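Hi,

Here is the structure I said I would pass on. Have a look at it first, and my notes follow underneath.

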Amino acid sequence: MRERTTGNVLFRIVSPVAVSGLLVALWWIAVSMTRDSIMPTPLQVALGFGELVQKGLLVKYTVASLFRVTWGYLLALSLGVPLGLALGWFAPVSIAVNPIIQLLRPISPIAWTPLAILWFGVSDLSPIFLIFLSTFFPVVVASAAAVGQINRVYVRSAINFGISGYALFRKVILPASVPQILTAMRVALGVAWLVVVAAEMIAVNSGLGFLIIDSRNAGNRYDLVVAGMVIIGLIGLVLDLAMRQLRRIKEFEWGFLGG
Amino acid sequence: MDRPKIDVRDLWKRFDGQGTSIEVLSGVSFQVHDGEFVCFLGPSGSGKTTLLQIIGGFDAPSRGEVLVDGEVVAGPHPKRIFVFQESGIFPWLQVRQNIGLGLGELPPLERKRIVSHYIEMVGLSGFEAAYPHELSGGMKQRVQVARALAVNPDVLYMDEPFGALDSLTRLKMRAELVRIWERERRTILFVTHDIDEAIQLATTVIVFTPRPTRIQTVIEVPLPRPRDLESPAYLAIKEQICQEMGVPLRI
């Protein structure tokens, strides 16, 4: 049974290429047949891509977007993970803080855009703030849940050996939660990458999101719109592959078995 | 004789739920002396584990008290180590780090020496740097036993530690535990629902009734070691326990 699909290396390389190629071909045929002057063909997109590289916009906008994601994301992790761990471990903190988190959490980060512009103006801080919001809440909730799901036997063993207080946190609570937190970090980075594009369409004058909206507004350059979309997809893929590598840390392999 | 190592005095335990109340222990008293190997034997779902957790300090009785060395147990103690049925060791630590868990206060060299000693004793040489998920169930329990022995405890509380293992591994682990106990003479309280396991290991078997748990009978096992599982004396004790528990001897 396994041989048929997963065993064949050739199949694993050829089939995705074939499917992608087929879709590109369909796109090309559809645009050619409709003779649509606005919708670009794959070739036009590739040329647009070259134009972006030539003008230096590709690197510039990609760096701008990654810069915002990095800061918003790191800020969210550095505040969200500790807060989540505290929520999971100290019942009083949870009772006091959890309701407001649950209220703020379902609000789309995009809904905060007007406030972000009011507070931070048209600057890097606005998208960073929005990315922070989009990443912070999932990380808090996942970290708290991770602590809540720690096997009680671990804690009991540690206490039995006289480990308590901060040592208990450092030696048991934190490492026992890490696999779930890593998973949440990976999902959160994906969300951050989604949000930066949306935020840049509204709140700033650079970045891949701005590239897309600006290309459309300034002369219907849909070849650049689609080229921008492709770049966003590729970078998102690379980010996710990078985050996946975290599961390979030997110490935390146990948390990803069978997953 | 001198003061008992462990003195269990009239323990009662009741779990209160919404509108229901389950009596788990009703008036359990016994004493264990230093160096004894005591098995708690009873049907599954009786209060044996609850009893051991109370003695270990992880749970409080509704009434009664437990004294160890003459002092009332108020919580877990690093000189009295609990060995859990499974997942007691930390999956994010290597074997040697797990075994060294309770040795944080010692200088590194001393720590290393003790860890190596117990790794060898439980037959895990070569697996020092392995992570628990790379080990079999039996090896994991050896790590847990080694981790417990490494802190030089007076007492081991073992809650069906071999319950999740296959029957061959279980037999081997019993033999090793007896070997270690004979060498180190810790006091061991061992929960099991397996009659043979109790007779093979214990100096004293305490047979418990189904819930609410009381002591049904206490049976001394004066058999010499290594124990012959087919000797008339062994079979006589087995027959006696089976009769006490209402278990048919022949199927």
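Let me start with a spot in chain A: Asn220(A) is partly exposed, with a relative accessible area of 37%. Keep in mind throughout that this is a predicted model. Asn220(A) caught my eye for its backbone, since phi there is positive, about 50°, although the residue is not a glycine. You'll find Asn220(A) in the loop between helix H10 (208-217) and helix H11 (222-244) of chain A.

Chain B has a case of this too. Arg185(B) is not a glycine either, yet its phi is positive and near 50°. Arg185(B) sits in the loop that runs from helix H5 (167-184) to strand E8 (187-192) of chain B, and with a relative accessibility of 46% it counts as partly exposed. I flag these because most residues other than glycine have a negative phi, and most peptide bonds are trans.

On that second point, which peptide bonds in chain B are cis? One joins Arg211(B) and Pro212(B), with omega about -10°. Pro212(B) belongs to the loop between strand E9 (204-208) and strand E10 (215-220). Another cis bond links Arg225(B) to Pro226(B), with omega about -5°; here the proline lies in the loop between E10 and helix H7 (232-245).

Now for chain B as a whole. Its secondary structure amounts to seven helices and ten strands. The radius of gyration of chain B is 18 Å, close to the 18 Å from the globule rule for 251 residues, so the chain is as compact as a globular protein of that length. Its C-alpha trace spans about 50 × 45 × 40 Å along the principal axes, and 52% of the 251 residues count as buried. Taking the contacts in chain B between residues at least 6 apart in sequence, 69% join residues at least 24 apart.

As for the outside, chain B has an accessible surface of about 11,500 Å², and carbon and sulfur atoms account for 51% of that. There are 29 positive and 32 negative charges in chain B, and the mean positions of the two sets are 3 Å apart.

Last, the interface. Chain B brings 24 residues to the contact and chain A brings 21. About 2,000 Å² is buried between the two chains, with 67% of it from carbon and sulfur atoms. Which three residues of chain B supply more of the area it buries against chain A than any other three? They are Phe58(B), Trp92(B) and His133(B), which supply 33% of it.

Cheers

Key
Residues are numbered from 1 along each chain as its sequence is written. Chains are lettered from A and ligands numbered from 1 in the order in which they are written. This is a predicted model: local features need pLDDT of at least 70, side-chain atom pairs count only at pLDDT 80 or more; totals for chains, interfaces and linings use all residues. Side-chain values use heavy atoms; hydrogens and water are left out. Helices (H or I, at least four residues) and strands (E, at least two) are DSSP runs, numbered from the N terminus. The radius of gyration is taken over C-alpha atoms; the globule rule is 2.2 Å times the number of residues to the power 0.38. Buried means under 20% relative accessible area, exposed over 50%, partly exposed in between (1.4 Å probe, protein chains only). Contact means heavy atoms within 4.5 Å. Accessible areas come from the Shrake-Rupley method with a 1.4 Å probe; for residues, only the protein chains shown count as cover. Lys and Arg count as positive and Asp and Glu as negative; His and the chain ends are not counted. The place of a charge is taken as NZ of Lys, CZ of Arg, CG of Asp or CD of Glu. Buried area is the accessible area (1.4 Å probe) that two parts lose on being put together, summed over both.
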